[in-house]
Amino acid sequence: MKECSVLEIKQIFTCYNNPKGNADTERVIRTIKEDLIWIKEWESPSQLKDELKAWIVRYNTDFPHSSLHYKTPEQFEKEHLSCTTKFAA
């Protein structure tokens, strides 16, 4: 927890009664490792932090997910918010 605080990483914990939440978290961590962490030698934590920020943007805007009907997270969220707004009006 201390290291995350120093690196300004916000930790979010799942509920103890949500076993699927842990599986989803583990999968995205594995994807980060495969796509970013393991393929490069990092010179500094700040370099990793900057590239992780850029990776997150690409992941959310350029990477379609089968679980989201092959939409990017950004596309899916926009559609979801659009539907929610229509029903709220």
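**Exercise 1. Backbone angles in the loops**

Glu 8 belongs to the loop that runs between H1 and H2, in a model that is predicted. Find what is notable about the phi angle of Glu 8, and then carry out the corresponding check for Tyr 70.

*Solution.* Start from the general expectation: most residues other than glycine have a negative phi. In Glu 8, however, phi is near 60°, which is a positive value in a residue other than glycine. The next step is to look at the surroundings of Glu 8, which has a relative accessibility of 65% and therefore counts as exposed. Turning to Tyr 70, its phi is likewise near 60° and positive, although the residue is not glycine. Tyr 70 sits in the loop between H3 and helix H4 (73-88), and with 63% relative accessibility Tyr 70 counts as exposed.

**Exercise 2. A nonpolar patch on the surface**

Determine which residues make the nonpolar surface patch of about 270 Å², and place Val 6 with respect to the helices.

*Solution.* The patch is made by Val 6, Leu 7 and Ile 9. Of these residues, Val 6 can be assigned to helix H1, which covers residues 2-6. The accessibility of Val 6 is then compared with the cut-off: because exposed means over 50% relative accessible area, Val 6 with its 62% counts as exposed.

**Exercise 3. Salt bridges within and between elements**

How many salt bridges does a search of the whole structure find? Describe the pairs Arg 30 with Glu 34, Lys 40 with Glu 51, and Glu 79 with Lys 71, giving the N to O distance and the accessibility of the partners wherever these are available.

*Solution.* The search of the whole structure finds four salt bridges, among them the pairs treated in the following steps.

1. The side chains of Arg 30 and Glu 34 meet at 2.9 Å, N to O. Both residues are in helix H2 (residues 19-37), and because they are four residues apart, about one helical turn separates them. Arg 30 is partly exposed at 45% relative accessibility, and Glu 34 is partly exposed at 34%.

2. In the salt bridge of Lys 40 with Glu 51, the closest N and O atoms are 2.7 Å apart. This pair links distant parts of the chain, since Lys 40 is in the loop between H2 and helix H3 (45-62) whereas Glu 51 is in helix H3, eleven residues apart. Lys 40 has a relative accessible area of 34% and is partly exposed, while Glu 51, at 26% relative accessibility, also counts as partly exposed.

3. Glu 79 and Lys 71 form a salt bridge through their side chains at 2.6 Å, N to O. Glu 79 counts as partly exposed at 38% relative accessibility, and Lys 71 is partly exposed with a relative accessible area of 24%.

**Exercise 4. An aromatic cluster**

Work out how the rings of Trp 55, Tyr 59 and Phe 63 come to form one aromatic cluster, and state which of the aromatic pairs are stacked.

*Solution.* A search of the whole structure finds two aromatic pairs. The rings of Trp 55 and Tyr 59 have centres 4.9 Å apart and planes at 25°, so this pair is stacked, given that planes under 30 degrees apart count as stacked. Trp 55 and Tyr 59 are separated by about one helical turn, because they lie four residues apart in helix H3. Trp 55 is buried, with a relative accessible area of 7%, and Tyr 59 counts as buried at 18% relative accessibility. Tyr 59 also pairs with Phe 63, in a stacked arrangement with 5.4 Å from centre to centre and 20° between the planes. Phe 63, by contrast with the buried Tyr 59, counts as partly exposed at 38% relative accessibility. Tyr 59 thus takes part in both pairs, and Trp 55, Tyr 59 and Phe 63 together form one aromatic cluster.

**Exercise 5. The largest pocket**

What is the volume of the largest pocket, and which element gives the most residues to its lining?

*Solution.* The largest pocket holds about 920 Å³ of space. Its lining consists of 24 residues, and those nearest its centre are Ile 9, Lys 10, Ile 29, Ile 32 and Leu 52. The elements that give two or more residues to this lining are H2 and H3. Of the elements, H3 gives the most, with eight residues.

Conventions:
Residues numbered from 1 in each chain as written. Predicted model: local features only at pLDDT ≥ 70, side-chain atom pairs only at ≥ 80, totals over all residues. Heavy atoms only, no water. Patch = residues over 30% accessible without salt bridge, like charges linked within 9 Å, V, L, I, M, F, W, Y side chains within 5 Å. Areas by Shrake-Rupley, 256 points an atom, 1.4 Å probe, with all protein chains shown as cover. Buried < 20%, exposed > 50% of the residue type's maximum accessible area, 1.4 Å probe, protein only. Phe/Tyr/Trp six-rings, centres within 6.5 Å; stacked < 30°, edge-to-face > 60°. 1 Å grid on protein atoms, 1.4 Å probe; cavity = no way out; pocket = protein on both sides within 12 Å on 5 of 7 lines; lining within 4 Å. Points joined across faces, edges and corners; volume = space filled by probe spheres on them.
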